[in-house]
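Visitor: I'm new to reading protein structures. Could you walk me through this one?

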Amino acid sequence: MEAATTVAAATTATVTSALTEAMATMTTTTTSWTELPASTAAPAELHVMGWVDIAVFACMLAVSTAIGVYFAYFVKGANDSEADYLVGGRTMSMVPVALSLFASFISGIALLGYPAEVYVNGGQVVYNMLSYPLTGFFLAYQMLPVFRELKGLSLYEYLDRRFNRNCRFIASFLFLVSQIVWLPIVMYIPALAFEQVTKVDLHIVGPVVCLVCIYYTTVGGVKAVIWTDAFQAIMMLGCIVMVALKGVVEVGGFGVVWERNVNSGRLEAPSFDLDPTTRHTFVALILGGVVRHTADLALSQSIIQRYMALPSMGACYKATAILMVCTFMLNFTACFCGFVAAAYYYDCDPITIGVVSAKDQIIPLFVLDVLSDIPGLTGMFIAGVFSAAMSSLSTGFNSIAAVALEDLVRSMFGWTPTERQTRWLLRGVVVATGLVNLALMFVVEHLGMVVQLNVSASAMAAAPQATMFAAGLFLPHVNGRGAMLGALCSASLVGFIVIGAQTAIATGRIHVMPKPVSIDGCDLPPGTNFTLPHLQEHDDSDVLWLWRISYLWYQPVAITFGLLVASAAALAGWRNDLRDVDPRLLAPAVRRFMPQKAKAQSAQDDAAQMALLQVDLQRTLNESERRGSN
């Protein structure tokens, strides 16, 4: 899945309609929009992408296609086996895999969500980035060692070995459903943006980009996906850095950005408020961030499949370090763009006077205001947003193919296809998934509440999966029935919270007080009156307390509840004999507490597995020699 960032959950509910409706009202004619009265905020001539901008975007598509063609037709034996097609033969280089992990973890929503969050609600969200080192450490040293030892292609094989096949089917089903719901939205958002700034129908550009993505994923396998992700990761970083630097120049320097954000209260010290209904507190940002990011990374088929492509745990450690550094850089720069936009519009808020209708339109407006005077820069920004979408699509297609083969065809249906049948099956699943995604993209535009529904569906899918994996890794006494009961309770609780909160937000019963804005610098007609949003009083005390808690607590609360239920079930009798639990299926921190009998059996199993691996290695070498002789 795309990985989704902490702020994405907070801002997703308005992104679909907000991403680039603003493009239709963004103005960069010779007269600045701040000089226009509200009634004429959208002038007759709109800035649109020129040929240079479109050429930059086309180059991004061409390079992505060329990478797929290279690995399909110019690298001998690149995708002969399923291991080659799905995990790159487990011999991929560390740097491209690290960049692919980064591209898979970041979405186009983050490029818009973080700046909008800072602009509207202030800079508390910046402190969420302090959770990245803890997330990286937890991922690398407590979870990856377990999953890599399985040597499988599907993450959900772990649940089969630790609990039972039912847990595996439930988790893989939730993964497939969440991907099918999410991927069409990922594609629809930048397609709508492109339509608004180029006047090219989204029903043309969307299918073109999606077909390009289907093509290079189908023919090039995971190697093409990883290298295109690496290229697209560079595009994402480049576009957000470019916006930040050009914005600082337009505002008048870093000093001006600092001063105006201090005066407006956006640049602020961390809040140590312990009230869980406070949107952003230091504790919630760190604890909630670690839980969310760990679930997004360590418990994602898309992410773990990338780690399986690396040859050693040492490479995994280095890739994780690069992933955390790149994620920190992009999200920090995105937040900085929010500070720059706040300084740029410090005396004439475009939301208040109606130039834009939603907070997520701020950055697209800002981009066209500060980049449109240099040909190609707007195109680079759009290419960056599309890059984030395409990396999510290609990663999703490839991961769905792995889950379909391992969890459905082999495990559920009990069919073991031949090598030739496997090759056709994997490519057929990628094509079919891409076409379904393409068809659903045309459905998305007619479902106004689809993103809010996706927020709920994503949370309800993530919490039960995280509960089962956490119980398996850290609670050795919990068995399969207890894990499924905990997952069910976790899903029920998070569903109740998220659906209730989303409904309250949509009906205006929950309202977050924004940071101060001003319209003193706007050239408005005499007698024009606006009510500044930070001066509007709002009382949400009548809303159920559980619906008012910060979104950062959704997953921690639900997962904790699920683990407590699973532990209670173990105490009531649904428990394992610890001597029968394989220590290799537990987190390293838990293994030391296991009985000696289990450890001795694990050592014998390790020796047997090593012998099997040596046999497999010799078989692979023999096949390589045979291919070379032919």
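Guide: Let's start with a word we'll need for loops and helices: helices (H or I, at least four residues) and strands (E, at least two) are DSSP runs, numbered from the N terminus. Keep in mind that this is a predicted model. With that in hand, Asp 275 can be placed in the loop between helix H11 (254-264) and helix H12 (282-298).

Visitor: How many helices and strands does the protein chain have?

Guide: Both kinds of run were looked for along the protein chain. The secondary structure comes to 0 strands and 23 helices.

Visitor: What share of the residues counts as buried?

Guide: Here, buried means under 20% relative accessible area. The protein chain has 630 residues, and the part that counts as buried is 57%.

Visitor: What share of the contacts with a separation of 6 or more comes from residues 24 or more positions apart?

Guide: Set aside the contacts between residues with a smaller separation than 6. Of what remains in the protein chain, residues 24 or more positions apart account for 85%.

Visitor: Which helix gives the most to the largest nonpolar core?

Guide: That largest core has 156 residues, and Phe 57, Phe 102, Phe 147, Tyr 158, Leu 159, Tyr 307 and Phe 381 have the most contacts inside it. With 22 residues, the helix that gives the most to this core is H10 (residues 202-251).

Visitor: From which domains does this largest core draw at least three residues each?

Guide: The largest nonpolar core, the one with 156 residues, takes from two domains. At least three residues come from each of domain 1 (81-447) and domain 2 (448-512 + 543-590).

Visitor: How many residues are in the other core, the one that lies apart from it?

Guide: Leu 285, Leu 493, Val 498 and Ala 501 are among its members. This other core comes to 16 residues.

Visitor: Are H14 and H15 roughly parallel or roughly perpendicular to each other?

Guide: Two packed helices are described by the angle between their axes and the distance between the axes. The axes of helix H14 (residues 313-344) and helix H15 (residues 362-371) come within 11 Å and cross at roughly 70 degrees. Angles of 65 to 115 degrees count as roughly perpendicular. H14 and H15 are therefore roughly perpendicular.

Visitor: Which residues of H15 make the contact with H14?

Guide: The crossing of these two helices, H14 and H15, is left-handed. On the H14 side, the contact is made by Cys 337, Val 340, Ala 341 and Tyr 344. On the H15 side, the residues are Ile 362, Ile 363, Phe 366, Asp 369 and Val 370.

Visitor: Is H19 roughly parallel or roughly antiparallel to H21?

Guide: Helix H19 (residues 480-506) and helix H21 (residues 554-571) have axes that come within 7 Å and cross at roughly 150 degrees. Angles over 145 degrees count as roughly antiparallel. So H19 and H21 are roughly antiparallel.

Visitor: Is the crossing of H19 and H21 left-handed or right-handed?

Guide: Plenty of residues meet here, including Gly 482, Leu 485 and Gly 486 in H19 and Tyr 554, Val 557 and Ala 558 in H21. As H19 passes H21, the crossing is right-handed.

Visitor: Is H13 enclosed, and how many of its residues are what the word "buried" describes?

Guide: Gln 301, Ser 302, Ile 303, Ile 304, Gln 305, Arg 306, Tyr 307 and Met 308 are buried in H13. Helix H13 (residues 301-308) is therefore largely enclosed by the rest of the structure, with its buried residues numbering 8 of the 8.

Visitor: Is Gly 289 buried or exposed?

Guide: Gly 289 has its place in helix H12. Its C-alpha atom is separated by 8.1 Å from that of Met 129, 160 residues apart along the chain. With a relative accessible area of 0%, Gly 289 is buried.

Visitor: What separates the C-alpha atoms of Asp 275 and Ser 550?

Guide: Asp 275, our loop residue, is partly exposed, with a relative accessible area of 32%. Along the chain, Asp 275 and Ser 550 are 275 residues apart. Their C-alpha atoms are separated by 9.3 Å.

Visitor: What is the relative accessible area of Lys 151?

Guide: Lys 151 lies in the loop between helix H7 (131-149) and helix H8 (157-162). Phi of Lys 151 is near 60 degrees, a positive value in a residue other than glycine. Lys 151 is partly exposed, and its relative accessible area is 40%.

Terms used. Residues numbered from 1 in each chain as written. Predicted model: local features only at pLDDT ≥ 70, side-chain atom pairs only at ≥ 80, totals over all residues. Heavy atoms only, no water. Core = buried A, V, L, I, M, F, W, Y, C linked by side-chain atoms within 4.5 Å. Buried < 20%, exposed > 50% of the residue type's maximum accessible area, 1.4 Å probe, protein only. Domains from an automatic or database assignment. Axes fitted to C-alpha atoms, helices over the stretch in contact; angles between N-to-C directions. Parallel < 35°, antiparallel > 145°, perpendicular 65-115°, else oblique. Left-handed = near helix turned anticlockwise from the far one by under 90°. Contact = heavy atoms within 4.5 Å.
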